[in-house]
Amino acid sequence: MKIPNMIYGTAWKKENTTALVFEALKQGFRAVDTACQPRHYREDLVGFGLQKAYDNGVVKREDLFIQTKFTPIDGQDKNNMPYLESDEIEIQVEKSFETSKKNLKTNFIDAYILHSPVYPRSKLQKVWQKMEGFVDAGEVGYLGISNCYDLDVLVYIYNNARIKPSIVQNRFYAQSGYDKEIRAFCNQNEIKYESFWSLTANPDILTSAILQTLSQKYQRGVAEIFYRFLNHINITPLNGTTSTKHMIEDLKIGEFELLDIEIKEIYKLLD
């Protein structure tokens, strides 16, 4: 299944996760992002939200793009993990994956993402090969990596992987130079770049004169203008809104096109 132009993000939704996932699907989101990381996600409650949507005839499983992540031990709360600290890395991946399938009430994960690089590279290789096995078994569609801000790491994975990464999911912010080199590599190698913190990390862009002007011209919110811009430059944004109003508005970004000159003007803000 093709990755939709926007993905509903479920981090930090806590006990509201089920209700928000159901609402997002009801309003038209057809892609959901989560992680088997109890510290920041309630993947189990994402599953309840999905089930509620299925039960209410909102959406069928085959029409949804579900992606989740294997979170290495450094990103976990060691008192609440899907695996044991003493487990070999391949066993950690396997246990996390099995937990995700159970939580999300599915035998197929559309995209399985390594939540952050692991070191040394020999260990990274073991993790990736284990993930490749899930694709071989028909249990995963695409593989990806998140929080990867070192182009050398991405190139290493790409060059050494039997099944190449299809997704890079990173924070989209000035501190990383908006991942210009990484995004160029992605575009050259048919890797979809997914952005998170797209709004939160960029208040200066949202309050810029160009976005304010375009907001007036197109009669859309500045968030919608920025999300549309991201789509135009081949980025799929994660959207973690808790507002039904914003869900409805943001899902309409496919209804209008920015002009090339407008895209270039916004792009200048990333310099």
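**Salt bridges, Glu194 and empty space in a predicted model**

Me: In this predicted model, why is Arg42 called partly exposed?
Reply: Arg42 has a relative accessible area of 33%. Partly exposed covers the range between under 20% and over 50%, so Arg42 falls in that class.

Me: What makes Asp44 and Arg42 a salt bridge?
Reply: The closest N and O atoms of Asp44 and Arg42 are 2.9 Å apart. The cut-off is within 4 Å, so the pair counts. Asp44 is at 25% relative accessibility and therefore also counts as partly exposed.

Me: Why is Asp87 called buried, and Lys95 partly exposed?
Reply: Asp87 has a relative accessible area of 15%, and buried means under 20%. Lys95 is at 32%, so Lys95 counts as partly exposed. The side chains of Lys95 and Asp87 meet in a salt bridge, 2.9 Å from N to O. Elsewhere, Glu98, Lys101 and Glu139 are joined into one network by salt bridges that share partners.

Me: How do you know that Asp33 and Lys69 form a salt bridge?
Reply: Their closest N and O atoms are 2.8 Å apart, which is within the 4 Å limit. The pair links distant parts of the chain, with Asp33 in strand E2, Lys69 in strand E3, and the two positions 36 residues apart. Asp33 and Lys69 are buried. The structure holds 16 salt bridges.

Me: Why does Glu194 have no salt bridge?
Reply: The nearest side chain of opposite charge is Lys69, 7.2 Å away. A salt bridge needs a nitrogen within 4 Å of a carboxyl oxygen, so Lys69 does not qualify as a partner of Glu194. Glu194 is buried and sits in strand E7.

Me: What makes the pair of Glu194 and Gln67 a polar contact?
Reply: The two side chains come to 2.8 Å, and the limit is within 3.5 Å. Beyond four places in sequence, Glu194 is in contact with residues including Ile3, Ile113, Val168, Thr236 and Leu238.

Me: What makes the space lined by Leu124 and Trp128 a cavity?
Reply: A cavity is a set of points where a 1.4 Å probe fits but cannot get out. The largest cavity has about 40 Å³ of space, and its lining also includes Tyr156 and Asn160. Helix H4 and helix H5 each give two or more residues to that lining.

Me: Which residues are closest to the centre of the largest pocket?
Reply: The largest pocket has a volume of about 600 Å³. Ala11, Trp12, Tyr41, Phe196 and Trp197 are the closest to its centre, of 31 lining residues. Strand E6, strand E8 and helix H10 each supply at least two residues of the lining.

Methods:
Residues numbered from 1 in each chain as written. Predicted model: local features only at pLDDT ≥ 70, side-chain atom pairs only at ≥ 80, totals over all residues. Heavy atoms only, no water. Helix = DSSP H or I, 4+ residues; strand = E, 2+ residues; numbered from the N terminus. Buried < 20%, exposed > 50% of the residue type's maximum accessible area, 1.4 Å probe, protein only. Lys, Arg positive; Asp, Glu negative; His and termini not counted. Polar contact = N/O pair within 3.5 Å; in protein donor to acceptor, adjacent residues only side chain to side chain. Contact = heavy atoms within 4.5 Å. 1 Å grid on protein atoms, 1.4 Å probe; cavity = no way out; pocket = protein on both sides within 12 Å on 5 of 7 lines; lining within 4 Å. Points joined across faces, edges and corners; volume = space filled by probe spheres on them.
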